[in-house]
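Colleague: I should be grateful for a discussion of how the parts of this chain are arranged.

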Amino acid sequence: MGLLLSLTALLAYGVRLGYIILEGNLQTTLSHSRHSRWSAGLSWSTFINYWGYAITDDLQIGAIFLLAAMTAPLAFGFLVYHCYLIWAGMTTNETSKWDDWKEDIADGLVYRASKSEIYRAPKPRNESIDPESRWPGTTDQVLIMTGGEPPRIGFSIATQSSCILQPEDENAPVDPRFHRVGTIRAIDNIYDLGFWRNLQDMMNWPVQ
């Protein structure tokens, strides 16, 4: 974030400074009076030609001005996108994961239940999957993926994934604890604490 902020500010400053210098050169060369602007009454083609002349006449300043002008929008775009990720509580890698969840939800493959209903006793922590964390965001949801059919009583949840194995009894009743997820908004994102709290975490400030 700091790199993007400083880079955007430096490029914007470079564009502004280059514009002031080249504009001053054009004003000095082409204007007959300090009170009249050099570009007054010019057509767009003539205006662009004069700017091309100003850039090539002072090539060192002109090249830096062009480079800053072409790269400043890119840096600004990355800065805006980074701010969006902070606001959404995501990383670039997680956006693809959320897209996968959105597609699975649209296909009707995702079901949700409360963790307290599924695990009557606290589930033993697997440090390799669920390491201890001081992150303030928590959720009580359990998400599973099926082949499209609702989970039936007696299913088993895979240890390393969100998929389930349906019971061998095809006549087993549907588990009433699970409900099909209809929209991505129904899924809790524990990393979405709001823009300011996410910003505090990014700056390594304590998040309450």
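The exchange below takes up the helices and then the strands of this predicted model.

Colleague: Is H3 roughly parallel or roughly perpendicular to H6?

Modeller: Helix H3 covers residues 59-88 and helix H6 covers residues 195-202. Their axes are 7 Å apart and the packing angle is about 110 degrees. Angles from 65 to 115 degrees count as roughly perpendicular. H3 is therefore, with respect to H6, roughly perpendicular.

Colleague: How many charged residues has the contact of H3 with H6?

Modeller: From H3, the residues His82, Cys83, Ile86 and Trp87 take part, and they meet Phe195, Asn198, Leu199 and Met202 in H6. By class, this contact has six nonpolar and two polar residues, and the number of charged ones is given as no charged residues.

Colleague: What is the handedness of the crossing of H1 and H3?

Modeller: Helix H1, residues 2-30, packs on H3 at an angle of about 150 degrees, the axes being 8 Å apart. The crossing of these two helices is left-handed.

Colleague: How many nonpolar residues has the contact of H1 with H3?

Modeller: Leu4, Leu11 and Tyr19 are among the residues that H1 brings to this contact, while those from H3 include Phe65, Ala72 and His82. The contact has no charged residues and six polar ones. The number of nonpolar residues is 17.

Colleague: Within what distance do the axes of H2 and H3 come, and which class has one residue in their contact?

Modeller: Helix H2 spans residues 44-57, and its axis crosses that of H3 at roughly 115 degrees, coming within 5 Å. Trp51, Ile55, Thr56 and Asp57 in H2 meet Leu59, Gly62, Phe65 and Leu66 in H3. Five residues of this contact are nonpolar and two are polar, and the class with one residue is charged.

Colleague: What percentage of residues 63-87 is helix?

Modeller: UniProt, in an unreviewed entry, lists residues 38-56 and 63-87 under "transmembrane region". Over residues 38-56 the chain is 68% helix, with the end C-alpha atoms 18 Å apart. Over residues 63-87 the end C-alpha atoms are 36 Å apart, strand accounts for 0%, and helix for 100%.

Colleague: Which strands stand at the edges of the sheet?

Modeller: Strand E1, residues 110-114, pairs with strand E2, residues 141-145, in the antiparallel sense over five bridges. E1 also pairs with strand E5, residues 179-180, over two bridges. The three strands form an open sheet in the order E2-E1-E5. One side of each edge strand is left without a neighbour in the sheet, because each has a single partner strand; these strands are E2 and E5.

Colleague: Which residue in E5 stands opposite Arg112?

Modeller: On the E2 side, the bridge partner of Ser114 is Gln141. In E5, the residue opposite Arg112 is His179.

Definitions and conventions
Residues are numbered from 1 along each chain as its sequence is written. This is a predicted model: local features need pLDDT of at least 70, side-chain atom pairs count only at pLDDT 80 or more; totals for chains, interfaces and linings use all residues. Side-chain values use heavy atoms; hydrogens and water are left out. Axes are lines fitted to C-alpha atoms, for helices over the stretch in contact, and angles run from 0 to 180 degrees between N-to-C directions. Helices (H or I, at least four residues) and strands (E, at least two) are DSSP runs, numbered from the N terminus. Angles under 35 degrees count as roughly parallel, over 145 as roughly antiparallel, 65 to 115 as roughly perpendicular and the rest as oblique. Contact means heavy atoms within 4.5 Å. Ala, Val, Leu, Ile, Met, Phe, Trp, Tyr, Cys and Pro count as nonpolar, Asp, Glu, Lys and Arg as charged, and the others, Gly among them, as polar. Two strands pair if DSSP finds at least two bridges between them. A crossing is left-handed if the near helix is turned anticlockwise from the far one by less than a right angle, and right-handed if clockwise. UniProt positions are given in the numbering used here, feature names are shortened, and annotations may be inferred rather than shown by experiment.
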